[in-house]
Amino acid sequence: EPPADMKPKELHLTDGKGVRRYTFRKEGVETLDTALGALDTVRLERRRPEKDETFTVWLASDRHWLPVRISKRRGNKPVIRLELQSVEGL
């Protein structure tokens, strides 16, 4: 059994049509070079094997869990990648 912090977590997110519940698994921690400088992040993934699709979110642990990168891949091909460029008020 995985450690408690590695167990799948359910998050409520919007998909543009409404709020839905998605299950993510913590895949590790990474330091990302971003427009805000180097940030310690937690990488969460949601896999959909039936579509050969992976949705990944990197959350900045020392910035109130701000999402700093989001990517979606089908197979080995990127479909979309969003990266934070600026932020005010944190």
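These legends go with close-up views of salt bridges in a predicted model.

**View 1. Glu30 and Arg43 pair up across two strands.**
Here Glu30 makes a salt bridge with Arg43, and the closest N and O atoms sit 2.3 Å apart. Glu30 belongs to strand β2 (residues 19-34) while Arg43 belongs to strand β3 (residues 37-48), so this pair ties together parts that are 13 residues apart in sequence. The two ends of the bridge have their own surroundings: Glu30 is partly exposed, with a relative accessible area of 26%, and Arg43 is buried, at 18%.

**View 2. Arg43 also meets Glu45.**
Take another look at Arg43, whose side chain meets that of Glu45 in a salt bridge (3.7 Å, N to O). Both Arg43 and Glu45 are buried; for Arg43 the relative accessible area is 18%, and it counts as buried because the cut-off is under 20%.

**View 3. Glu50 and Arg48 form a salt bridge.**
In this pair, the closest N and O atoms of Glu50 and Arg48 are 3.3 Å apart. Glu50 is exposed, with a relative accessible area of 60%, whereas Arg48 is partly exposed, at 23%.

**View 4. Shared partners build a network.**
Step back from the single pairs, and salt bridges with shared partners join Glu27, Glu30, Arg43, Glu45 and Arg47 into one network. Arg43 is one of its members, and you have already met its bridges to Glu30 and Glu45. For the whole model, the count comes to ten salt bridges.

Technical notes
Residues are numbered from 1 along each chain as its sequence is written. This is a predicted model: local features need pLDDT of at least 70, side-chain atom pairs count only at pLDDT 80 or more; totals for chains, interfaces and linings use all residues. Side-chain values use heavy atoms; hydrogens and water are left out. A salt bridge is a side-chain nitrogen of Lys or Arg within 4 Å of a carboxyl oxygen of Asp or Glu. Helices (H or I, at least four residues) and strands (E, at least two) are DSSP runs, numbered from the N terminus. Buried means under 20% relative accessible area, exposed over 50%, partly exposed in between (1.4 Å probe, protein chains only).
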